[in-house]
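Colleague: Hey, have you got a few minutes to go through this one with me? I'd like to ask things as they come up.
Modeller: Sure, let me put it on the screen.

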Amino acid sequence: MRAGAPRNRHTTTTRRTRVHVVSDVHGHIEALARAGDGADALICLGDLVLFLDYADHSRGIFPDLFGTENAHRIVELRTARRFEEARAFGRELWAGRDRNEAILSAVRKQYAEMFAVLPTPTYATYGNVDVPTLWPEYAGSGTTVLDGERAEIGGLVFGFVGGGLKTPMNTPYEISDEEYAAKVEALGPVDVLCSHVPPEVPELTYDTVARRFERGSSALLDAIHRTRPRYALFGHVHQPLVRRMRIGATECVNVGHFASTGRPWVLEW
């Protein structure tokens, strides 16, 4: 055998599949446009809309309408969990305005920009601040929207559950625990369980900056114990106490606050 010749001419290399996963995009269009680079598919776990940036009170629909000072005040009240005062303050600001029309107009503008940069293929589900009724207007043929549904990617079965659970924040796509559990149940066993909110585990639901527990799903946690997916991927909690932990056979991963990091989480097999 000559030097450098392969030992087995019939050896083949199995091509690996690479998927990039993002969540909590919140208006970061520039990073979203690059999120699928080098991947076979992009998975987006929701919260495309930026209503109010809690780190930069000048960004989002709310400050565009009412100014940075008012945005700062509403953040103060919500962070202090003074929700009744926050709602009263909001009612004062909205007096005389068509709230629904103003918000939907701003959301449409954001969706037009963000859906336009999604790569093909993209698999997406809704976050709690998204408006599902608008997605069909903007999701192109390369974007598959799934909620309580499954898709096969590279030989693995991915299940998707969108939206959030009821909270005092009253964001656009919050549903009852029962409705959410029905969507989880409809998936059946999957290899990768994808959701916007995390399973109801204290370490995964506590936000260290907001200093509060976000809503997690007991139905997701039950499904993890019962069906033992390889991975459970989610977002929603921007600064979690724990970003990754194992529950039995399942690796649970908060894929990150994409608006802050600009980096997708990578899954390769």
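Colleague: Where is Pro 121 found?
Modeller: Pro 121 is in the loop between helix 5 and strand 3. Helices here are DSSP runs of H or I with at least four residues, strands are runs of E with at least two, and both are numbered from the N terminus. Before we go on: this is a predicted model, where local features need pLDDT of at least 70 and side-chain atom pairs count only at pLDDT 80 or more, while totals for chains, interfaces and linings use all residues. Residues are numbered from 1 along each chain as its sequence is written, and side-chain values use heavy atoms, with hydrogens and water left out.

Colleague: OK. What kind of peptide bond joins Thr 120 and Pro 121?
Modeller: A cis one, with omega at about 0 degrees.

Colleague: And Ala 124, which strand does that lie in?
Modeller: Ala 124 lies in strand 3, residues 122–124.

Colleague: Is Ala 124 buried or exposed?
Modeller: Ala 124 has 2% relative accessibility, so it counts as buried. The cut-offs are under 20% relative accessible area for buried, over 50% for exposed and partly exposed in between, using a 1.4 Å probe and protein chains only.

Colleague: What does Ala 124 touch?
Modeller: Leaving out residues up to four places away in sequence, Ala 124 touches Cys 44, Trp 135, Thr 143, Thr 144, Val 145 and Leu 146. Contact means heavy atoms within 4.5 Å. Glu 92, on the other hand, is 36 Å from Ala 124, C-alpha to C-alpha, with their places 32 residues apart in sequence.

Colleague: You mentioned Trp 135. How many aromatic pairs does a search of the whole structure find?
Modeller: It finds 12. Rings of Phe, Tyr and Trp (its six-membered ring) pair if their centres lie within 6.5 Å; planes under 30 degrees apart are stacked, over 60 edge-to-face, and the rest tilted. Phe 115 and Trp 135 are one edge-to-face pair, at 5.2 Å centre to centre and 80 degrees between the planes.

Colleague: Why does that pair tie together parts 20 residues apart in sequence?
Modeller: Because Phe 115 lies in helix 5 (residues 99–117) and Trp 135 in helix 6 (residues 135–138). Both Phe 115 and Trp 135 are buried.

Colleague: And why is the pair of Tyr 126 and Trp 135 edge-to-face?
Modeller: Their ring centres are 4.6 Å apart and their planes sit at 65 degrees, so the pair is edge-to-face. Tyr 126 counts as buried because its relative accessibility is 13%. For Trp 135 the value is 1%.

Colleague: Which residues do ring pairs link into a cluster?
Modeller: Tyr 111, Phe 115, Tyr 126, Trp 135, Tyr 138 and Tyr 173.

Colleague: New topic. How many residues has the largest nonpolar core?
Modeller: It has 56, and those with the most contacts inside it include Val 25, Leu 48 and Tyr 111. A nonpolar core is a set of buried Ala, Val, Leu, Ile, Met, Phe, Trp, Tyr and Cys residues joined through side-chain atoms within 4.5 Å. Another core lies apart from it, with 20 residues, among them Leu 156, Phe 158, Cys 194 and Val 253.

Colleague: What is Val 25 in contact with?
Modeller: Setting aside neighbours within four places in sequence, the contacts of Val 25 include Leu 32, Cys 44, Met 114 and Phe 258.

Colleague: What about Asp 24, what's its phi?
Modeller: Positive, about 55 degrees, although Asp 24 is not a glycine. Asp 24 sits in the loop between strand 1 (18–22) and helix 1 (29–34). With 1% relative accessibility, Asp 24 counts as buried.

Colleague: And Asn 170, where is that found?
Modeller: In the loop between strand 7 (164–165) and strand 8 (174–175). Asn 170 has a positive phi too, near 55 degrees. Asn 170 is exposed, with a relative accessible area of 63%.

Colleague: Last one: in what sense do strand 13 and strand 14 pair?
Modeller: Antiparallel, over four bridges, with strand 13 covering residues 244–247 and strand 14 residues 250–254. Two strands pair if DSSP finds at least two bridges between them. Ile 247 has Thr 250 as its bridge partner. The two strands form a hairpin with two residues between them, and Gly 248 in the turn has a positive phi of about 60 degrees.
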